[in-house]
Structure formats: C-alpha cells, structure tokens
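Hi,

Here is the structure I promised to pass on. Have a look at it first, and my notes on what turned up follow underneath.

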Amino acid sequence: MTDNNAIPDSYDGREQALIKHELLRSYLQQLFRIIGMSAGRNRRIDLCYVDCFAGPWGDDSEDMEGTSIAISLRTLDACHQTLASHGIDANIRALYIEKDPPAFARLDSYLYGNTPKGICSECWKGDFVDLRDKLLQWATRDAFVFFFIDPKGWKEVGIKILRRLLQRPRSEFLINFMYDFVNRTMSMGDWQQEMSELLGETINLDGMCPKEREQLILRTYRETLKRCLPVPKPEYRLRSAYVRVLDPTKERPKYHLVYLTSHPQGIVEFMTISEQVDLVQKKVRALKKGVERERRTGTPDMFGAETFVDQSAGHVSPEDVDRFWLGYLKSGIRRIGRNEFADILEETDWFPRDLQASLVRLIKRGLVSNLDAVGRRPKKPLHFEKGGERLQLVERAT
C-alpha cells in the first residue's frame, strides 16, 4: 500500500485507473449475474467478455492485480460460481486483444497460469480495429457479450470504427472516452476532420466555457453512438450513460467511461453502481490531495484526509431535482415504470438516489403523492420495478 494507506501500490500515480477498474468490477459482476439468471429452461447460457485493448499497462508486478485482466478474470470466476450455485451452467469465455509484443507476451503468460477453472480465456495478438470481423465470429450469434474498449488514445473509439460492433444484438459496451486528449485536440485547426469522424458530426465550440464544451462534446458522441443501432422496439433502443473520472488532484476530467446498452434495466443498474463508484472516487481524491498536502507542508492532517470528502460534490442540487419532478408531473397522473425511470436517468444524468430523495421531500411537503404506495417509504418512495407506480401533483401544488 502507498503511504496514504488506502490506495493499492499498483495504482500509485494512476489513481484514476482505480476508479475505472472499480466500475468494471462492480458492473460486470452485476451484469453477468442478471443475464445469467435469465437462462432459459435448459439452465444454460453463453456469456462473453472482450477486452479490446488488454495491455497489461501500469502494473509491472507478477500478479498484475492493478490491471483489467486480473480484475476481469476474478470477477468472471465469481460470476461463474454464483450462477453455478443457482443451478445455471454458464459457459463463460474471455477474449483479450493486444498488439504490443512485450505486453502481449505478459498477457499470454498470465492467462496461461491464472485463468480460473471454469473460465475459457484466450488472447489475440494484433490490432483491435483489424480484428473486428474475426471478433464478431468468435462471439457467435447467440452469446451475450460485454465489450470493454479502453484504448490509450481516442482514434480507436470513433463512430465508424465501432459501428459494426454496436449493431451486434445482445451486447453491452463500456468505452473509455479520453476527454482530456479530445478536448485539447478539438482546439487544433488541423485536426477538425479527425474530430468530426470521432464524434460522427461537426460541432461548434466557439465562445463556450469548459463545462459547456464538455457537455456538448460528450452529448454529441453519445447521441451519435446510439444512432448506430436500428430500433426494433422503442423500449429496446440503444441507451447511454457515463461516469466522469477526474484527475486525482485537479478539478478537471481525465476521461469519461461511456456505457451503452439496449435494455432499460442496464441504465438503472449502471447508474446505481456509478453512484457507489463516485463515492470511491471522492475518497481516493481526498486521500491523494491529503498525501500531497502533507508532502508539501510536512504536517500531517490531524483528522485524516477522509474528513475532506465532500459527499454532495458532483450531485445535482436538491432544488433542481424538485423542480424537475414538479414539471414532469405537471401534465397529470404519470405511471413510472422501469422504462420511464431509465428515460429520466438517461435524460438528466442524475443518480437514482437523488431522484428518490427528491420524492421523499416532495411527498413529505404534500406536493406529490404516490397513488399506489402502501405504507410509509422513508428512503425509496417510488417502486418503478415491474409495472411501476403512479405519481401525481396534489391539487394545491398546481
């Protein structure tokens, strides 16, 4: 462990990777558990994990604990055991792609000695872009596939490059959008054609503040990605959410982890886990800043770095969420089920708990009522699962 006594040594100097890996571990585990539990009558299911830029990078240790390779294998093993305990025969395959020869040699050696029993792993040496067709064949038609796309740069996540993968049914994606690099390149005149290819369209950032630039660039990228998939049914259109990963010591984003799914439950699960990861990020940043402050001043913090964690940072204000619900319900009674709640999460980019906390306040103040609620619900007044529930403004609030 480093001297901050909370961040593993393998993440020293690259603390943002810890946030990324925590999200990968938490969401992959939840996703494969849910998909696996949906196995049909024969109790068998095919699940695939693909790391398109495997590395390893940033961790020279033999056990590679600070890499997505070790984390994914461990998570897949836990999923396999959990599903087996429920009588489900999950055929879990993992594919790792890496073009750098030294990194590939480490990857190959690690998989040979560390792949858990019950997991089928393999690695391909080459460029992910060149291997896309072969990759789709490997995935087969019926397997569910989770793609982890984490390049060092931004060119490999352009719309044209990802389009064929995005159009594959039964797939989800976690894409590292290297915003720090993209934002700087957006200002360079000679790179405008490449930026348009990355985002799928040309945008004008003239006169925008940093926050507005970030929102427009990210929104454009997400919306263009979603248009790649034909929509068989409105409820199964491609949806997107993201996690904003900050520089460990500065108030600016390093990258965004952009998530894509065609199932509304995916958005709900991802945003729920994102809130947990957001708290981890706050603690890691507070610890990192505390260590740097101590090194600079020579004086340790009397109360510990965690006392500087701002729990509300990055959350929407309670007043904004209250105004949203009052406006949303202005047209009359509305039933909010899983699809509608996923729509709200995607539209606002807010956390589920902020929306539920707002309803607690509004119901307590007598401004909103849940027509289907039975009994008092102090933390989660809206049960959107299954068929959902009906909300309405009370008369004096209109």
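No disulfides turn up anywhere when the whole structure is searched, taking a disulfide as a pair of cysteine sulfur atoms within 2.5 Å. Cys-123 has its closest cysteine sulfur in Cys-120, and at 11 Å that is too far for a bond. Cys-228 is in no disulfide either, since the nearest cysteine sulfur, in Cys-52, is 15 Å away. Both are buried: the relative accessible area is 15% for Cys-123 and 3% for Cys-228. (Buried means under 20% relative accessible area, exposed over 50%, and partly exposed in between, with a 1.4 Å probe and protein chains only.)

Before you go further: this is a predicted model, so local features need pLDDT of at least 70 and side-chain atom pairs count only at pLDDT 80 or more, while totals for chains, interfaces and linings use all residues. Residues are numbered from 1 along each chain as its sequence is written, and side-chain values use heavy atoms, with hydrogens and water left out.

Now the pocket. The largest one holds about 1,400 Å³ of space. On a 1 Å grid over the protein atoms alone, a pocket is an open set of points where a 1.4 Å probe fits, with protein on both sides within 12 Å along at least five of seven lines, and lining residues have an atom within 4 Å of a point. Points are joined across faces, edges and corners, and the volume is the space filled by probe spheres set on them.

Its lining takes in 44 residues, and Lys-211, Glu-214, Tyr-242, Arg-244 and Gly-314 lie nearest the centre. Two or more lining residues come from each of α6 (179–186), α8 (210–226), β6 (239–246), β7 (253–261), α9 (264–297) and α11 (338–348). The biggest contributor is α8, with ten residues. Helices (H or I, at least four residues) and strands (E, at least two) are DSSP runs, numbered from the N terminus. By class, the lining has 21 charged, 15 nonpolar and eight polar residues; Asp, Glu, Lys and Arg count as charged, Ala, Val, Leu, Ile, Met, Phe, Trp, Tyr, Cys and Pro as nonpolar, and the others, Gly among them, as polar. Because domain 1 (13–287) and domain 2 (318–393) both give residues to the lining, the pocket lies between them. The domain bounds come from an automatic or database domain assignment.

The two domains also meet in the largest nonpolar core, which draws at least three residues from each. That core has 77 residues, and Tyr-96, Phe-146 and Trp-325 touch the most other members. Helix α1 (residues 15–37) gives the most to this core, ten residues. A nonpolar core here is a set of buried Ala, Val, Leu, Ile, Met, Phe, Trp, Tyr and Cys residues joined through side-chain atoms within 4.5 Å.

Last, some backbone details. Most residues other than glycine have a negative phi, and most peptide bonds are trans. The bond from Gly-55 to Pro-56 is cis, with omega near 20 degrees, and Pro-56 sits in the loop between β1 (44–51) and α2 (68–85). Thr-140, in the loop between α4 (132–139) and β4 (144–149), has a positive phi near 65 degrees and is partly exposed at 39%. Arg-170 has a positive phi of about 55 degrees; its loop runs between α5 (159–166) and β5 (171–177).

Cheers
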